[in-house]
Amino acid sequence: MGPSAAFLALLFYFSSLEPTVVLAFNLDTSHVIRKDGEPGSLFGFSLAMHRQLNPDQRMLLIGAPRATALGKQTANITGGLYKCDITQNNDCERIVFDNEGESIENKENQWMGVTVKSQGPGGKIVTCAHRYQRRLFVNTPQESHDITGRCYVLSQDLTIDTSSDEDGGNWNFCEGRARGHEMFGSCQQGLAATFTKDYHYVVFGAPGAYNWKGIVRVEQKNNTLLEMGIYDDGPYEVGDEHLLNPELVPLPANSYLGFALDSGHKIMRSHGLTVVAGAPRANHSGAVVFLRKENEASGRLLVAHTLHGPGLASSFGYDLAVVDLNGDGWQDIVVGAPQFYMKDRDIGGAVYVYINQAGRWERVTPVRLNGTKDSMFGLAVENIGNINQDSYEDVAVGAPHDDGGAGKVYIYHGSAQGIKTTPAQLFGYSLAGNMDLDSNSYPDVAVGSLSDSALIYRYIFPEQYRCSDMSACFTYTANPASYNPRLMISYSVEADGECRKQGLPSRVTFQNKSRTEAEHQFNGTIELRGQKQEMCTKKTARLKDNIKDKMRSIPIEVSAEIVGTKRRQAKNSLPPLMPILDSSQPSKDIIQVNFVKEGCGRDHVCRSNLKMEYKLYYKQNNLDMDSPLPMRNNVPVFYLNYERKDLALRVTVNNMNGDDAYEAKVVGTFPETLSYSGVRSQTTVDKPIICTANQNGSQADCELGNPFKRDSQTTFYIILSTVGMTLDTTEMNFVLHLQTTSVQKSIAPVKVKAKVMIELPLSVSGEARPNQVTFGGVVKGESAMRTEEEIGSLINYTFRINNLWKTLTPSVKASLHIQWPKYNKDGKWLLYLVKITSTGPQEVLCSPQSEISSLKHIKESSASRTKREIAERKAVGKMSFLSGKSKTLTCNSEIKCVVLQCPLEGLDGTVVELRSRLWNSTFIEVTVTVSPDSEVAQHSGVPWWIILVAVLAGILILALLVFLLWKCGFFKRASKEEFDATYHKAEIHVQPSDKDKLTADA
């Protein structure tokens, strides 16, 4: 290179910042979100994280059981529930419900909001008032109150859906039961409440029932079960839902069973639902009871196992959590005992950690975590999810009286060995966690206090990974070596340029940049004083919190150009030439910044091995009950009918023998006849799969994990709605595509195909009026008849078509076929068809038309004449009953029938009526029977056997009466002596008068 040229060599490197906050877990303590409530309202007494899916919104629900009453509540202090957005503003909004008052209830100090739980993303919310009272004998000297308690269930948008039996405040099972504290007079339902993790049941604790023994109740109000013919899925209750027997409660009085609740499906060896309930005063030390359903037909919850409290008056079971600490797939139990103490030791409260031994609990020895003296350590226990992203779930423990009454929350991390006993600290009282509130794909923690406030701690990346000081260093060399001017260099640094070219946001931002610069780049100038003299510039680069693409490295591109030179110019010399960059050298340099990928190879390349299987099922509310589609020629067949309307696609994905799969997801594309309706994780999965769909449900993206760990497996059900299906649908085809940003070849889309058979719930009912006729007279020839009355008796046949599935598009070509008895075997007329009429959505035209009023010389009667004839026939039928021979005629060798075909356009509510005449000359008497049987049959006289039985019964009664009279001597005749004596007693003797006496004396 000549003296007029120079080239630059660029050097670019990173140096790490020291962490700004030293924590054992990744929660941001410098930007805590604080929410404050009314003074004295106990705002923050209970917490729940909730995600509404339509529209997508994340929030914190906060109970304030001492909040002032709403306008229509006839009370002063009732408690309430608040919704708080995840912002730095104190913008909490009270949820309006329970805003009425009745004379038969007392809501004063009912403590609404004492507990609040969310069912999960897109699920319901339950909140309770355990001190709600029912008044009896209102405004009388005998007035009394029962502390029954009451709970409300709200929809995902925090409203009450009046069309849903689940929503509203009718969750009060203690109301109306036997009173008194020995039974349900102090029930206090709702001191604890929760949902099972399969979205199926809501679980209530009522620690005041049965003289404070306490009960637990598992219940659901899902109407779709009734449509499926399932009528006995609960409720289930300790003490039996039907017997209400306190002797069946497995604990003594004053145990407070149901004080704390949680549930899981991988607790016992048999799997299935297990409810874990705390009884903090059982046997004076406390207990935790594992409850299972006795069977599907029973209403009883039975004890599967009991954990007994180890210390006197320790309140073991005051709170508890079900969590998989060691990642073995079995759910462990963490139990708080806030009043545990040890004499002469600085211990005030304890938490017992039981590591599940594959469902065998008999020999499990718990790990005890101790709190400081008088701290009430263990008053709150919460599963907060995998807070430090190490593949093991973590727990938080509240100690509200620690640190001089300020309160603390301790975070304990799970591990392959169970639990790490060294905690980290926060401040607070109540707890909520295991949900991502700020949409950065990591779980956050909410902490309530007793000072009417709540704090939200959000997950952050560890500072050493989140922010770094970046140095861009420049130097140059020139030829010849004596050429050594000062150069002014203009440079530009850009991060994640490839993402920007694809229209995606950058994953890195630069801090302390000018307002005119984009967040992902910065520009500047620097002076190089001579050859091989390095000059550097520093900037702080920050990784965004909400990135998903952690598989691809982040490119940092640095470019530079010469903008000027400073060199002394000799007298009378030519102006110096501007040096140029060596064209053989690159004008920019790119450095790739890789993410730390623990589950990948040493070369930082993740080679996943994702595999997917699927199977089609009929939709079931309890997904433990498999009902797969039947197969025909190796193709599944979906029998769509009134009771089975939706389809469940079971998808199983595993990553066996592969590296971590980043941004792993299943994408389903569906035709117009199918649409995405929802997703349900398998009951044994505690972290439900979340799917997002487009507006019409034709595509759904189901995220498996970021990353989806090596050797992992998950199973979930995609619920597909068949509302778009019509009666013309014969098959369905859709595509499942497994995607990941990890390296994996040949992930071909999976095409799913199934046949569709639509079963219509059509029913046909028939009726003949009258169903019996009599006739006689002379035989009259066909040619001699002029009016239809001359043919014979009038018979009207009515057929009604009903379709229970009224929402299905009625495009089917259905037809009603009627076998009409026209001639007997000798070719003589039986039934002469006069006319066919119809009522309903559309007119019915039956064929062949030649069979209707085929004798053109016979005149059809008017409608008024026909009605009069029917009335006269009914009157005659009431006066007499003609007996004689009867014979049932059907379409076989005896008679000749023609088939009447009546196409049905409207499937529901169509009525077809056939007016006919019985040919009088062919019959003497006939009994006309129609099939199918008439649903509105007319009275046809008393059967002969009833008359016979009545006569025999009358004779028997008469014989019995005669026998009784005979035994009483009614038929015994008197002898002559007896008759004379009786007559003598009754004879009247005439006494002589005074005149007769004087005559006799004379």
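A salt bridge here is a side-chain nitrogen of Lys or Arg within 4 Å of a carboxyl oxygen of Asp or Glu. Keep that in mind for Glu 175, which forms one with Arg 134, the closest N and O atoms being 3.2 Å apart. This pair links distant parts of the chain, 41 residues apart: Glu 175 sits in the loop between strand S13 (168-171) and strand S14 (192-195), and Arg 134 in strand S10 (residues 133-136). Strands (E, at least two residues) and helices (H or I, at least four) are DSSP runs, numbered from the N terminus.

A word on what you're looking at: this is a predicted model, where local features need pLDDT of at least 70, side-chain atom pairs count only at pLDDT 80 or more, and totals for chains, interfaces and linings use all residues. Residues are numbered from 1 along each chain as its sequence is written, and side-chain values use heavy atoms, with hydrogens and water left out.

## Charged pairs

Side chains of opposite charge can pair when their charged atoms come close. How many salt bridges does a search of the whole structure find? It finds 34. Here are three of them.

| Acidic residue | Basic residue | Closest N to O distance |
|---|---|---|
| Asp 36 | Arg 34 | 2.9 Å |
| Glu 175 | Arg 134 | 3.2 Å |
| Asp 240 | Arg 300 | 3.3 Å |

Are these residues buried or exposed? For that we need cut-offs: buried means under 20% relative accessible area, exposed over 50%, and partly exposed in between (1.4 Å probe, protein chains only). Accessible areas come from the Shrake-Rupley method with a 1.4 Å probe, and for residues only the protein chains shown count as cover.

Glu 175 is partly exposed at 33% relative accessibility, while its partner Arg 134 is buried, with a relative accessible area of 15%. In the pair of Asp 36 and Arg 34, Asp 36 is partly exposed at 33% and Arg 34 is partly exposed at 42%. Asp 240 and Arg 300, on the other hand, are both buried.

That buried pair also spans some sequence. Asp 240 lies in the loop between strand S17 (236-237) and strand S18 (260-264), and Arg 300 in the loop between strand S20 (287-293) and strand S21 (301-308), so the pair ties together parts that are 60 residues apart in sequence.

Back to Glu 175 and Arg 134: they belong to a network of salt bridges that also links Asp 98, Glu 100, Glu 105, Lys 107 and Arg 150.

## Backbone oddities

Most residues other than glycine have a negative phi, and most peptide bonds are trans. So which spots go the other way?

Two peptide bonds leading into a proline are worth a look. The one joining Asn 54 and Pro 55 is cis, with omega about -5°, and Pro 55 is in the loop between strand S3 (46-53) and strand S4 (56-64). The bond from Asn 706 to Pro 707 is cis too, with omega near 10°; Pro 707 is in the loop between strand S49 (699-705) and strand S50 (713-721).

Then there's phi. Asn 283 isn't a glycine, yet has a positive phi of about 55°. Asn 283 is found in the loop between strand S19 (274-279) and S20, and is partly exposed at 44%. Met 376 has a positive phi as well, near 60°, and lies in the loop between strand S25 (367-370) and strand S26 (380-385).

## A helix and a greasy patch

Helix H6 covers residues 944-967, and Leu 964 is part of this helix. The expected span of a helix is 1.5 Å times one less than its number of residues. For the 24 residues of H6 that gives 34 Å, and the end C-alpha atoms are 35 Å apart, which agrees. Just after H6, Gly 969 takes a positive phi of about 80°.

Leu 964 is partly exposed, with a relative accessible area of 45%. Leu 964 is also one of the residues in a nonpolar surface patch, with about 1000 Å² of accessible area together; others include Leu 958, Val 962, Trp 966 and Phe 971. Patches are made of residues with over 30% relative accessible area and no salt bridge: like charges are joined within 9 Å, nonpolar side chains (Val, Leu, Ile, Met, Phe, Trp, Tyr) within 5 Å.
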